[in-house]
Amino acid sequence: MGKPNIIFYFTDQQRHDTLGCYGQKLDISPNLDALAKEGILFEEAYTAQPVCGPCRALFQTGQYPTAINCFRNAQPLPLHVKTLADYLNEAGYETAYVGKWHLASERKDYSTPPIVDYEIKAIPPERRGGYRGYWRAADLLEFTSHGYGGYVFDENMQKCEFDGYRADCITDFALDFLEQYKGEKPFFMTISHIEPHHQNDRGCYEGPEGSKERFKDFELPGDLAALHGDAREMYPDYLGCCRSLDDNLGRLIEKLKEKGIYKDTIIIYSSDHGSHFRTRNRDEHLCGGDDYKRSCHSACLHVPLVIAGPGFKGGKRVRELVSTAGLPKTILAAAGVDVGHAMAGENLKEIADGNLRNHTDRVFAQISESRVGRCIHTRDWLYSIHAPGLDGNLYPSSDYYEEDFLYDLKNDPFELTNLAKDDKYRDIRAQLAKELQEEMKKAGEKVPVIAPSK
């Protein structure tokens with residue numbers, strides 16, 4: 001076999017615990033559950049930036065969002081940065097993209113008009129992050145569509161309207177690519193769904209019709225059951241979105257088998273971040289804005305990650321903590337491209353194979369928009385800092401931070417009791433602060449002062 005085909009199937013705002021292979025009791029994910037039994041499931045995968053645009057910037061460049069001035073939404077991908085697609089083009093791949101892009105337009109803030117405006121317009125080739133082939137995308141898919149109906153644009157900048165449920169229609173475009181694929185080159189296709197993200201202009205999650213009844217017997221995860229957000233109202237539709245994503249993953253797998261290329265294709269399933277359902281970012285340190293993400297809590301950071309296909313087989317469940325910051329490097333390694341230290345993160349195949357020589361078993365995340373924050377998640381602790389008085393929409397980083405959150409994950413798995421001001425944990429916080437400073441340095445940031453919470 002030559003180089004594998006690679007599909008990055010990623011969702012928007014999906015918690016890991018929506019899926020059967022992560023413990024969900026309802027029948028939400030039979031296709032992904034089966035794929036996990038074939039491939040590798042990462043039990044403790046965490047995003048490095050729980051906001052749509054910054055996380056996508058990281059996925060497309062392998063660079064931390066602060067390093068390329070994409071630390072918040074409405075900041076375009078820099079034109080000079082070498083991207084994942086650029087590397088793959090050089091490696092002989094056909095590159096295709098379907099769905100939500102969110103990396104072309106620019107705003108100073110959402111109270112003023114766009115400075116660079118492709119939000120509901122066709123994205124020109126130079127702003128597509130190096131994708132040169134099949135293209136069916138909208139910069140802000142939530143602005144050009146709803147749960148049912150909408151439009152994207154093709155590689156010739158022509159509008160492509162669709163009817164029906166959005167996740168089905170976005171998958172239809174991906175299937176169209178596979179239908180016309182000739183096999184002359186290996187391909188890399190990103191399928192960027194917006195589900196289960198809430199529909200911005202309607203302020204709700206839009207599952208397929210009938211979701212409220214179909215998933216009415218849900219059990220809320222422990223954090224959502226304990227805290228008072230809007231999950232009791234929204235969760236059935238949220239799960240309906242997730243089931244639709246799984247149904248469409250099944251359609252994709254069927255098409256790969258029909259084309260005779262399933263065994264030659266790596267499928268990566270993950271999400272940009274989770275959802276806290278308006279239960280977090282209500283504290284006195286909020287300095288910016290939020291809806292369902294933008295916090296250090298596992299509700300936002302803990303995401304699904306399943307990789308299956310050539311090199312990722314055996315039904316193994318990996319317990320080590322990993323960051324999805326390593327996905328670009330992992331994808332390139334699978335394509336035979338070694339970027340060395342040019343990208344952040346780890347080659348996750350090495351972790352899956354048990355090569356833990358350089359693995360620290362902790363994950364780092366940058367927090368923006370709700371505050372200027374940083375955090376690390378270890379096996380036992382979640383520790384977060386914030387820059388007091390700095391608006392998370394305006395400032396990428398700070399030289400000075402104060403402690404924000406500390407959770408004892410063994411005794412408080414749902415992160416309900418903040419120990420940041422408890423003197424009994426002073427030494428633990430000091431050690432975690434040191435580890436966090438190390439991670440910030442590795443991310444290219446200045447090592448800051450970290451002071452006790454005031």
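# Questions on a predicted model

Analyst: In helix α12, the buried residues are R429, L432, A433, E435, L436, E439 and M440. Keep in mind that this model is predicted.

User: What makes a residue of α12 count as buried?

Analyst: The cut-off is under 20% relative accessible area. R429, L432, A433, E435, L436, E439 and M440 in α12 are buried, so each falls under that cut-off.

User: What covers the buried residues of α12?

Analyst: The cover includes β12, β13, β14, β15 and β16. Helix α12 spans residues 426–442 and packs on the sheet. Its direction makes about 70° with that of β14. Angles of 65 to 115 degrees count as roughly perpendicular, so this one does.

User: How do you know the span of α12 fits a helix?

Analyst: Set the two values side by side. α12 has 17 residues and reaches 25 Å from first C-alpha to last. At 1.5 Å a residue, 24 Å is expected. The two values are close. After α12 comes G444, with a positive phi near 90°.

User: What is the order of the strands in the sheet, and what kind of pairing do they show?

Analyst: The order is β12-β13-β14-β15-β16, with mixed pairing in an open sheet of five strands. Neighbouring strands are turned by 25° against each other on average, direction ignored.

User: Why are β12 and β16 called edge strands?

Analyst: Each of them pairs on one side only. β12 covers 363–367 and β16 covers 449–451.

User: How do you know that β14 and β15 pair?

Analyst: Count the bridges. Two strands pair if there are at least two bridges between them. Six bridges join β14 (residues 381–386) to β15 (residues 400–408), so the rule is met. The two strands run antiparallel. One partnership to look for is H386 with E402 in β15.

User: What joins β12 to β13?

Analyst: Five bridges do, and the strands run antiparallel. V363 has H377 in β13 as its bridge partner. The hairpin of β12 and β13 has five residues between the strands, and E369 there takes a positive phi near 70°.

User: Why is β12 called largely enclosed?

Analyst: Because five of its five residues are buried. V363, A365 and I367 point one way, F364 and Q366 point the other way, and all are buried.

User: What makes β8 largely enclosed?

Analyst: Seven of the seven residues of β8 (residues 265–271) are buried, so the rest of the structure largely encloses this strand. Both faces are covered. One side holds T265, I267, Y269 and S271, and the other holds I266, I268 and S270.

User: Which way do β1 and β10 run against β8?

Analyst: β1 (residues 5–12) runs parallel to β8, joined by seven bridges. β10 (residues 305–308) runs antiparallel to β8, joined by four bridges. S270 has a partner in each: F10 of β1 and L305 of β10.

User: Why is R107 called buried?

Analyst: Its relative accessibility is 12%. The cut-off is under 20%, so R107 counts as buried. R107 lies in the loop between β3 (94–100) and β4 (135–138). Leaving out residues up to four places away in sequence, R107 touches R72, A74, T112, P113, P114, I115 and E119.

User: Why is α5 called roughly parallel to α8?

Analyst: The axes of α5 (residues 166–180) and α8 (residues 231–258) cross at roughly 10° and come within 10 Å. Angles under 35 degrees count as roughly parallel, so α5 is roughly parallel to α8. Residues that meet include A167, D168 and T171 in α5, and S244, L245 and N248 in α8.

User: Why is α10 called largely enclosed?

Analyst: Six of the eight residues of α10 (residues 327–334) are buried, so the rest of the structure largely encloses this helix. The buried ones are L327, P328, K329, T330, I331 and L332. G336 follows α10, with a positive phi near 85°.

User: Which residues have the most contacts inside the largest nonpolar core?

Analyst: They are F42, W101, F188, I268 and L305, in a core of 48 residues. Helix α3 (residues 84–90) gives the most to this core, with four residues. A second, separate core has 43 residues, including A167, I191, L245 and Y269.

User: What does F188 touch, leaving aside neighbours within four places in sequence?

Analyst: F188 is in contact with I6, F8, L84, L88, Y93, E94, T95, A96, Y131 and I331.

Methods. Residues are numbered from 1 along each chain as its sequence is written. This is a predicted model: local features need pLDDT of at least 70, side-chain atom pairs count only at pLDDT 80 or more; totals for chains, interfaces and linings use all residues. Side-chain values use heavy atoms; hydrogens and water are left out. A nonpolar core is a set of buried Ala, Val, Leu, Ile, Met, Phe, Trp, Tyr and Cys residues joined through side-chain atoms within 4.5 Å. Buried means under 20% relative accessible area, exposed over 50%, partly exposed in between (1.4 Å probe, protein chains only). Contact means heavy atoms within 4.5 Å. Axes are lines fitted to C-alpha atoms, for helices over the stretch in contact, and angles run from 0 to 180 degrees between N-to-C directions. The expected span of a helix is 1.5 Å times one less than its number of residues. Angles under 35 degrees count as roughly parallel, over 145 as roughly antiparallel, 65 to 115 as roughly perpendicular and the rest as oblique.
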